[in-house]
Amino acid sequence: MAKIAVLGYGTIGSGVVEVIAENAAVISKNAAEEISVKYIVDIREFPGDPFEKLIIKDFSIVLNDPEVSIAVETIGGTGIAYDFTKSCLLAGKSVVTSNKELVATKGDELLKIAEDKNVNYMFEASVGGGIPIIRPIIQCLAANVINEIYGILNGTTNYILTEMINSKTSFEDALRGAQAKGFAEQNPEADIEGKDACRKIAILSDLCFGRHVDPDDVKTEGIKGITPQDVEYAAAAGYKIKLLGRALRTGDGRITAYTAPHLISAAKLPANVDGVMNCVVVHGNALGEAMFYGAGAGKLPTAGAVVADVIDTVKHREKRKTIKWDDGFPGYVTDSDLLSSRFYVRARCAESNIKGLFSPGGAEFIGNKTAPDGVCAFLTKETGGAELKKILAGLDILSVFRVLD
Ligand code: HSE
């Protein structure tokens with residue numbers, strides 16, 4: 001029997017305990033061994049909780065118990081979660097986590113310790129919640145050169161944007177609705193500022209391109225600047241606005257990785273990934289394109305992915321699973337402004353002020369009957385981000401979003 005400890009009894013941690021109890025039969029069949037929770041570590045009190053007897057406050061009990069071979073870290077953040085993870089790995093215990101912030105920032109270091117100690121550090125639930133994506137990248141697509149990966153990687157912001165598009169609500173009202181429904185955190189800054197999606201695209205980049213990407217090197221823009229006017233202009237031109245994390249090879253062994261709102265043709269699959277759902281699109285040189293879709297957040301979908309990693313860890317006790325990437329180097333992640341694409345621009349000026357700035361046909365204006373006077377919006381031809389900034393310098397620019405063709 002494999003005995004595990006769950007570190008952090010919040011939404012995901014309690015989901016892990018619940019899934020292990022509910023699905024005990026299928027889990028032990030798939031692991032070829034019974035899996036039981038020996039400890040739940042949390043400093044809070046949980047009176048009346050069905051698993052109250054397992055809850056302890058002292059992490060050192062887990063660390064010093066040779067019977068516990070796997071720790072599930074569902075604390076979040078990079079403070080105590082990092083200390084506990086490192087201690088467990090150094091003590092020869094495998095660690096499974098949903099903590100994207102820790103994997104994105106310290107994953108390279110923790111994986112090296114895991115390799116040294118011949119144990120596993122696994123994090124399927126850190127990207128896309130319940131969507132299988134880490135394992136498909138490292139196993140199913142292992143024969144491909146992956147050239148590009150992008151996705152809707154944050155459920156909260158996708159819910160807000162879907163409400164703004166479908167119910168014509170403002171950003172503020174949509175955020176309040178997300179909080180009332182329990183989708184958004186009471187402090188949703190990491191979501192709406194794009195930081196959560198940034199950490200996830202950093203992890204996907206590590207795996208797809210084989211070098212560590214520091215989330216601080218990933219240019220990140222959230223959704224606060226998107227207005228109902230932008231949503232209307234985008235719809236009038238046949239597009240929807242989605243927050244994407246995106247990374248692609250740029251040549252010379254470098255990549256670009258960034259997080260920003262994009263206009264996507266309403267006819268494309270990712271444009272129709274709505275509400276709290278997520279998707280990840282992968283381009284491989286043998287594969288072509290594949291899209292993974294599903295519940296990107298939520299207690300049980302995420303907990304199910306965590307427990308699947310526990311099962312895999314039980315099955316790879318003797319011969320650990322190899323997950324690793326090399327160090328990055330200065331300049332490895334290039335500025336996304338160097339990347340060419342079409343752009344959507346909304347400006348407080350007349351169309352006539354814009355026309356002369358572009359070659360004939362270079363700005364395709366979008367008609368919008370409800371637009372206020374003195375404001376126009378247009379789509380550019382393919383151009384570099386830095387080049388576009390120079391062209392638009394001095395104008396009163398309200399929004400600029402990339403178009404994903
Ligand atoms: N806050 C995240 C989201 C949770 O909204 O997607 C899942 O990582």
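# Exercises on a predicted protein model

Gly-304 lies in helix 12. Keep in mind that this is a predicted model. Let's work through it.

## Exercise 1: Two residues of helix 12

Work out how exposed Gly-304 and Thr-313 are, and which parts of the chain they relate to in space.

**Solution**

Step 1. Start with Gly-304: its relative accessibility is 30%. Buried means under 20% and exposed means over 50%, so Gly-304 counts as partly exposed.

Step 2. Next, compare sequence and space. Gly-304 and Ala-125 are 179 residues apart in sequence, yet their C-alpha atoms are 8.3 Å apart in space.

Step 3. Now move along to Thr-313, which also lies in helix 12, residues 299-315. With 1% relative accessibility, Thr-313 counts as buried.

Step 4. Look at what surrounds Thr-313. Leaving out residues up to four places away in sequence, Thr-313 touches Ile-70, Ser-94, Val-96, Asn-120 and Met-122.

Step 5. Finish with a pair that goes the other way. Thr-313 and Phe-329 are just 16 residues apart in sequence, but 31 Å lie between their C-alpha atoms.

## Exercise 2: The two sides of helix 8

Find out which residues of helix 8 are buried, where they sit around the helix, and what covers them.

**Solution**

Step 1. Pick out the buried residues of helix 8, which runs over residues 171-180: they are Phe-171, Ala-174, Leu-175, Ala-178 and Gln-179.

Step 2. Look down the helix axis. The buried residues of helix 8 fall within an arc of 140 degrees, so they line one face of the helix.

Step 3. Turn to the other side of helix 8, where Arg-176 and Ala-180 are exposed.

Step 4. Ask what lies over the buried residues. Their cover includes helix 7 (155-166) and helix 9 (189-192).

Step 5. Check what comes after the helix. Helix 8 is followed by Gly-182, which has a positive phi near 80 degrees.

## Exercise 3: Positive phi without glycine

Which residues have a positive phi of about 55 degrees although they are not glycines? Say where they are found and whether they are buried or exposed.

**Solution**

Step 1. One of them is Ala-32, with a positive phi of about 55 degrees even though it isn't a glycine. Ala-32 is found in the loop between helix 2 (24-31) and strand 2 (35-41).

Step 2. Its relative accessibility is 70%, so Ala-32 counts as exposed.

Step 3. Another is Lys-168, a non-glycine with a positive phi of about 55 degrees. You'll find Lys-168 in the loop between helix 7 and helix 8.

Step 4. At 60% relative accessibility, Lys-168 counts as exposed.

## Exercise 4: The whole protein

Describe the protein as a whole, from its elements to its surface and charges.

**Solution**

Step 1. Count the elements: the protein has 14 helices and 18 strands.

Step 2. Check how compact it is. The radius of gyration is 23 Å, close to the 22 Å from the globule rule for 405 residues, so the protein is as compact as a globular protein of that length. Its C-alpha trace spans about 75 × 50 × 35 Å along the principal axes.

Step 3. Look inside. Of the 405 residues, 53% are buried. Among contacts with a separation of 6 or more, 74% are between residues 24 or more positions apart.

Step 4. Now the outside: the accessible surface is about 17,200 Å², with 51% belonging to carbon and sulfur atoms.

Step 5. Finally, the charges. There are 44 positive and 52 negative side chains, and the centres of the two sets are 2 Å apart.

Methods:
Residues numbered from 1 in each chain as written. Heavy atoms only, no water. Helix = DSSP H or I, 4+ residues; strand = E, 2+ residues; numbered from the N terminus. Rg over C-alpha atoms; globule rule 2.2 N^0.38 Å. Buried < 20%, exposed > 50% of the residue type's maximum accessible area, 1.4 Å probe, protein only. Contact = heavy atoms within 4.5 Å. Areas by Shrake-Rupley, 256 points an atom, 1.4 Å probe, with all protein chains shown as cover. Lys, Arg positive; Asp, Glu negative; His and termini not counted. Charge placed at Lys NZ, Arg CZ, Asp CG, Glu CD. Arc of directions from axis to C-beta.
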